[in-house]
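The exercises below are meant to be worked through with the sequence and the coordinates at hand. Each one sets a task and then follows it with a solution in steps.

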Amino acid sequence: MGKKILINFIIDHKISYSIGILFMLLTSYIQALFPKVLGNTIDILKIDGFNFKNVYINIAYIVCIAFGTFLTTYVWRNLVIGNGRRLECYLREKLFEHLQKLSIEFYNKNKTGDLIAYAINDVNAVRMTFGPATAMTINGMVICFISIYSMARTINWRLTILSLLPVPVIFFIMISIGRIVRNRFKKVQESFASISDRVQENINGIRVIKAYVQEEDELKNFQKLNDQMIKSNLDMVAASSYLSPLIELCFSISFVLNLIMGSNMVLKGEISLGEFIAFNGYLTMIMAPIVSFGRIITIIQRGMASLNRLNEIFSISPKIQEGNNLVEKPIMGSIEIKNLSFTYPNSKEIVLSDINLSISQGCTLGIIGRTGSGKSTLVNLLLRMYNVEKGKVFLDGIDINDYKLDRLRDSFGFVPQDNFLFSDSICNNIKFFKDAYSDEQVAYAAKNSCIYESIMNLQNEFNEILGERGVNISGGQKQRISIARALIKDPKILILDDALSAVDTITEAKILRNIKELRKNKSSIIIAHRISAVMHADEIIVIDKGRILERGTHLELLQKGGLYYDISKIQSYNF
Ligand code: ATP
Ligand code: MG
């Protein structure tokens, strides 16, 4: 999948890549003319003395070579290196798009730091490979080819073979060390991911860390990870550091062989002095790309390691798939659940068993139950956050698997238990960046969730920017902004998952009254721990250990004298 994305990109940019490569070839060709012109100039000087006209022509050649190199290099760098940058953006965008599609299950397993490492380091390593490294490879190969051709064909093939004897050794060294670098780079990426995880978790959890005076311990843990990172980086450097000096050593041998044999050939008159100088020029020219081949191999090996890592992510398909015969009907909001049982993927614990439930359009269901009893799981299944077996959950009589996922989820206004606010303005948080909502609608939603006054007391009112995850407002304020976000949608089904837990009982009663008023013909599900939040619902279910233990209205449940009654008794003592 990652490779397919890459191929698609290259195909889409084939014209700029082709022109870029063409100019690259041209650059290499022009550069390769230089030693020849230099050699010629020396031979002319030797034969003619300082003949002004000939020297003048050769100077003009050299200026043209410099100018031509400048122009052609400018064009290919812009195209090829520019494409590398475009590829980086494209790949990151595709990764982001893919990550957005992946189900909650994926995020339960993968850490944020790892995913950040993919989006930054790995994408960057791929860019380096398909931008600068590709350019350097082509450029280097052409220079080597033209130089070797000129050395062998126009100067002397015996001298060429002798001078290039160490080159196969150089390639052997490069390939062997390259393989080691690739493996070690994978470790570097992994330890970067761990560090990034740790930093991210520490920043998010800084309040808990401070409250439990864990700074020292956290620092020690961090130092351990940092030491691992240093070690894996040093391991990689230890391998890659061999590369350039070994290559240079091999080249020194080349020069020594060339000097011994070449100078003898000049003395014997087999080649001219100018040709010998041109030959040396070519040998020096070859040296630069071959030395940088070492670096290129490292970049390519890293890029390939990263491409493989990205491929692993891209090959994960979203666990929640669209059905085949999708229903186009709009959802009105009646819910039916038949014999629903559920176990989380990769877990053995049965979280919900044999749930049977029906909510008519316009009714409110209250859900109460001990912590861990399965309340959040039940509502998450309604939104298909996890796969639900066919024939278990129906909306308006149609299986939820038969609705288009977007349409299904869009019919809900969901305030999850761990409500999330973005570090943006309150207004944008309420309307979720959708400009379709007017300021009046935003204010109306805020009034109904009883947060309007608190917002108006802020310095910038609705334009007040929230800190990360809304750190600069209280827990109750966060919950009410999240409720406003759900209310502004005026959804067919509203779900409040423990969304009033941080709100005082008087405000809670006001919000519930507003919701009842607003949502006369629309369904709502309210999950709570407080009886006061669910007592006015049309039906209340008490969930215990994944089963519906009791059901009925507030009065019916009180009369039953079961768990609901016990909870209400304990809570009334607290009032
Ligand atoms: P609370 O009142 O504390 O919010 P809840 O009734 O909403 O609790 P759930 O969050 O639905 O409870 O959890 C029900 C059970 O499912 C718990 O035992 C929990 O450990 C388990 N569980 C929740 N999320 C996952 C998950 N992603 N993977 C595996 N098990 C999970
Ligand atoms: Mg819950």
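**Exercise 1. A residue in the core**

Leaving aside its neighbours within four places in sequence, which residues is Ile525 in contact with?

*Solution.* Bear in mind from the start that this is a predicted model. Begin at Ile525 and set aside the residues up to four places away; the contacts that remain are Ile335, Ile359, Leu365, Ile367, Val379, Leu382, Leu494, Ile495 and Leu496. Next, place Ile525 in its wider setting: it is among the residues with the most contacts inside the largest nonpolar core, together with Ile337, Leu340, Leu378 and Leu395, and that core has 36 residues. Strand S2, which covers residues 350–359, gives the most to this core, with five residues. Finally, look for a second, separate core, which has 35 residues and includes Cys144, Phe185, Met265 and Phe279.

**Exercise 2. The magnesium ion**

Identify the protein donors of the magnesium ion (ligand 2), and work out which parts of the chain they tie together.

*Solution.* First, find the donor atoms: they are OG of Ser376 and OE1 of Gln417, lying 1.9 to 2.1 Å from the ion. Second, locate each residue: Ser376 belongs to helix H12 (residues 375–382), while Gln417 sits in the loop between strand S6 (412–415) and helix H14 (426–431), so the pair ties together parts that are 41 residues apart in sequence. Third, consider accessibility: Gln417 has a relative accessible area of 42%, and because buried means under 20% and exposed over 50%, Gln417 counts as partly exposed.

**Exercise 3. Around ligand 1**

Which residues come nearest to ligand 1, and which side chains place polar atoms by its nitrogen and oxygen atoms?

*Solution.* Of the 15 residues around ligand 1, those that come nearest are Thr371, Lys375, Ser376, Thr377 and Gln417. Two of these, Ser376 and Gln417, have already appeared as donors of the magnesium ion. Turning to polar atoms, an N or O atom in the side chain of Asn108 is 3.2 Å from a nitrogen atom of the ligand, and a polar side-chain atom of Tyr344 lies 3.5 Å from a nitrogen atom of ligand 1. For an oxygen atom of the ligand, the corresponding distance to a polar side-chain atom of Glu349 is 3.1 Å.

**Exercise 4. A polar residue in a helix**

Decide whether Gln189 is buried or exposed, and name what its side chain meets.

*Solution.* Gln189 is found in helix H7, residues 167–204. Its relative accessibility is 3%, so Gln189 counts as buried. The side chain of Gln189 makes a polar contact with that of Asn121, at 3.3 Å. Beyond residues up to four places away in sequence, Gln189 touches Asn121, Asp122, Ser306 and Arg309.

**Exercise 5. Positive phi in two loops**

Where do Arg384 and Asp498 lie, and are they buried or exposed?

*Solution.* Arg384 is not a glycine, yet it has a positive phi of about 55°. Arg384 lies in the loop between H12 and strand S4 (393–395), and with a relative accessible area of 2% it is buried. Asp498, also not a glycine, has a positive phi of about 55°; the loop that holds Asp498 runs between strand S7 (493–497) and helix H18 (505–518). With a relative accessible area of 11%, Asp498 is buried.

Key:
Residues numbered from 1 in each chain as written. Chains lettered and ligands numbered in written order. Predicted model: local features only at pLDDT ≥ 70, side-chain atom pairs only at ≥ 80, totals over all residues. Heavy atoms only, no water. Core = buried A, V, L, I, M, F, W, Y, C linked by side-chain atoms within 4.5 Å. Buried < 20%, exposed > 50% of the residue type's maximum accessible area, 1.4 Å probe, protein only. Helix = DSSP H or I, 4+ residues; strand = E, 2+ residues; numbered from the N terminus. Contact = heavy atoms within 4.5 Å. Donors = N, O, S within 2.8 Å, 3.2 Å for Na, K, Ca; no water. Near = heavy atom within 4 Å. Polar contact = N/O pair within 3.5 Å; in protein donor to acceptor, adjacent residues only side chain to side chain.
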